[in-house]
Number of protein chains: 2
Amino acid sequence: MQALQERILRDGRNLGNGILKVDNFINHQVDPQLMDVCGREFANRFAHVGATRILTAEISGIAPALMTGMHMRLPVVYARKTKPITMPDTVYLTVAPSHTKGRLVELIVSPEYLQRGERVLIIDDFLASGSTIQGLVRLAQAAGSEVVGIGALIEKSFEGGRQALAHLKIPIESLACIVSMEDGEIRFGDE
Amino acid sequence: MQALQERILRDGRNLGNGILKVDNFINHQVDPQLMDVCGREFANRFAHVGATRILTAEISGIAPALMTGMHMRLPVVYARKTKPITMPDTVYLTVAPSHTKGRLVELIVSPEYLQRGERVLIIDDFLASGSTIQGLVRLAQAAGSEVVGIGALIEKSFEGGRQALAHLKIPIESLACIVSMEDGEIRFGDE
């Protein structure tokens with residue numbers, strides 16, 4: 001998607017080691033207009049999958065998932081990384097390695113909001129190694145839901161997440177696909 | 001605001017000890033349409049304050065802040081609770097007691113996105129004791145910004161946050177003001 005690619009080139013920073021800083025418009029400061037456009041694009045691309053609920057992970061997935069949910073008129077559930085006191089005693093929990101944190105993080109969803117028979121669309125900010133998204137897939141499956149699509153704002157194709165998720169045989173969409181971050185550059189390929 | 005009050009009565013849960021569970025539509029599952037309506041309402045109420053930026057705290061403040069930012073066409077900055085590797089070495093950091101976590105949490109903002117001379121509108125999910133919002137006010141002031149308004153989806157007036165913030169002499173708006181949660185009830189007063 002042109003608008004997102006242009007924004008990445010203008011305001012994104014290649015910090016080396018495959019780390020893309022997008023704190024200017026996604027991860028710390030958020031551009032609501034850009035997120036709105038991205039949410040509309042996801043809604044178009046996943047219009048046919050029959051989703052009944054959107055699942056994401058706190059924190060950075062919330063903005064794109066919320067805007068996608070608005071355009072698809074679907075509720076959004078964000079997996080928590082710590083269990084708040086308002087959550088029931090028994091929950092769905094999985095662990096996933098966090099690239100940027102260098103440790104395992106927990107992903108927790110209450111059975112109240114992820115139930116058998118849901119058709120779940122997963123939306124997140126990044127598709128890199130795919131480990132967070134695989135964690136969300138496990139949560140959905142544990143609940144007896146079916147994952148019907150996966151969307152990420154930014155894909156780093158050189159980290160292999162798409163291949164790791166290919167066995168699901170569902171549509172995977174990214175709005176900006178980075179094929180290389182070598183030599184301080186940011187190079188896009190086909191989405 | 002009628003829509004939010006009705007939703008609290010329908011889907012909110014009074015867990016006792018002043019704890020209101022709104023995981024069905026704000027804090028775990030999010031209703032994007034409701035957040036959109038709330039964001040538009042904040043945009044109307046704060047149309048006159050001349051805000052240049054919206055500040056909130058992760059995690060639950062992001063949804064209402066994002067929708068407010070969309071309607072006001074302003075960037076949204078969410079204070080982080082842990083410092084990600086993409087953040088510069090030197091940041092604005094304050095600590096605030098968390099009611100629901102029972103401990104101090106850090107609130108961190110990068111100087112890149114909060115600068116001298118900004119007119120900051122603070123948006124959060126709850127106004128209870130006001131301690132998180134006071135933390136956000138300190139961050140804005142540390143950056144040399146001026147806080148020009150404070151908006152919360154839900155106010156628990158019996159916890160005194162509004163009084164704690166009164167010295168700022170700026171508009172404080174809540175969309176649903178709960179005056180009592182005694183005896184398992186949820187009673188609203190004037191916003």
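Here is a quick tour of a predicted two-chain model, starting with how the chains relate and ending with a few single residues.

Chain A lands on chain B after a rotation of 180° with 0.0 Å of shift along the axis, at an RMSD of 0.0 Å. That is the relation of a two-fold axis. The largest nonpolar core holds 78 residues, and members from both chains are among those that touch the most others.

**How the two chains meet**

- In chain A, I59(A) has the C-alpha nearest the axis, and that atom is 3.1 Å from it.
- The copies meet through the same surface, because 100% of the interface residues of chain A are also interface residues in chain B.

**The cis peptide bonds**

- I59(A) turns up again here: its peptide bond with E58(A) is cis, with omega about 10°.
- Where does I59(A) sit in the chain? You'll find I59(A) in the loop between β4 (53-57) and α4 of chain A.
- In chain B, the bond from E58(B) to I59(B) is also cis, and its omega is near 15°.
- I59(B) belongs to the loop between β4 (53-57) and α4 (62-72) of chain B.

**Helix α4 of chain A and what follows**

- Helix α4 of chain A covers residues 62-72, and 10 of its 11 residues are buried, so the helix is largely enclosed by the rest of the structure.
- The buried residues of α4(A) include I62(A), A63(A), P64(A), A65(A) and L66(A), and M67(A), T68(A), G69(A), M70(A) and M72(A) are buried as well.
- Right after α4(A) comes R73(A), with a positive phi near 55°, even though R73(A) is not a glycine.
- R73(A) is in the loop that links α4 to β5 (76-79) of chain A.
- Is R73(A) buried or exposed? R73(A) counts as exposed because its relative accessibility is 62%, and the cut-off for exposed is over 50%.

**Another positive phi, at N17(A)**

- N17(A) is not a glycine either, yet its phi is positive at about 55°.
- Look for N17(A) in the loop between β1 (13-14) and β2 (20-21) of chain A.
- With 76% relative accessibility, N17(A) counts as exposed.

**The nonpolar core**

- Which residues touch the most other members of the 78-residue core? They are L4(A), I154(A), L4(B) and I154(B).
- Setting aside residues up to four places away in sequence, L4(A) touches F25(A), L34(A), C38(A), L153(A), I154(A), L175(A) and A176(A).
- As a general point, nonpolar side chains tend to be buried together in soluble globular proteins.

**Rings and charges**

- Searching the whole structure turns up two aromatic pairs over all chains.
- In chain A, the charged end of K156(A) is placed over the ring of F126(A), 5.5 Å from the ring centre.
- In chain B, K156(B) lies over the face of F126(B), and the distance to the ring centre is 5.6 Å.

**D11(A), in helix α1**

- D11(A) is part of helix α1 (residues 2-11) of chain A, and at 16% relative accessibility D11(A) counts as buried.
- The D11(A) side chain makes polar contacts with two arginine side chains: R7(A) at 2.6 Å and R10(A) at 3.2 Å.
- Beyond its neighbours within four places in sequence, D11(A) is in contact with K21(A), N24(A) and F25(A).
- F25(A) is also on the list of residues that L4(A) touches.

**S180(B), in strand β10**

- S180(B) lies in strand β10 of chain B, which runs over residues 172-180.
- S180(B) is buried, because its relative accessible area is 10%, and buried means under 20%.
- What does the side chain of S180(B) reach? The S180(B) side chain reaches the backbone nitrogen of E182(B), at 3.2 Å.
- Not counting residues up to four places away in sequence, S180(B) touches F158(B), E185(B), I186(B) and R187(B).

**R103(B), in strand β7**

- R103(B) is located in strand β7 (residues 103-109) of chain B, and with 47% relative accessibility R103(B) counts as partly exposed.
- Its contacts outside the neighbours within four places in sequence are A96(B), P97(B) and S98(B).
- R103(B) and V137(B) are 34 residues apart in sequence, and their C-alpha atoms are 19 Å apart in space.

Definitions and conventions
Residues numbered from 1 in each chain as written. Chains lettered and ligands numbered in written order. Predicted model: local features only at pLDDT ≥ 70, side-chain atom pairs only at ≥ 80, totals over all residues. Heavy atoms only, no water. Core = buried A, V, L, I, M, F, W, Y, C linked by side-chain atoms within 4.5 Å. Buried < 20%, exposed > 50% of the residue type's maximum accessible area, 1.4 Å probe, protein only. Contact = heavy atoms within 4.5 Å. Helix = DSSP H or I, 4+ residues; strand = E, 2+ residues; numbered from the N terminus. Polar contact = N/O pair within 3.5 Å; in protein donor to acceptor, adjacent residues only side chain to side chain. Phe/Tyr/Trp six-rings, centres within 6.5 Å; stacked < 30°, edge-to-face > 60°. Lys NZ or Arg CZ within 6 Å of the ring centre and 35° of its normal. Least-squares fit on C-alpha atoms with pLDDT ≥ 70 in both.
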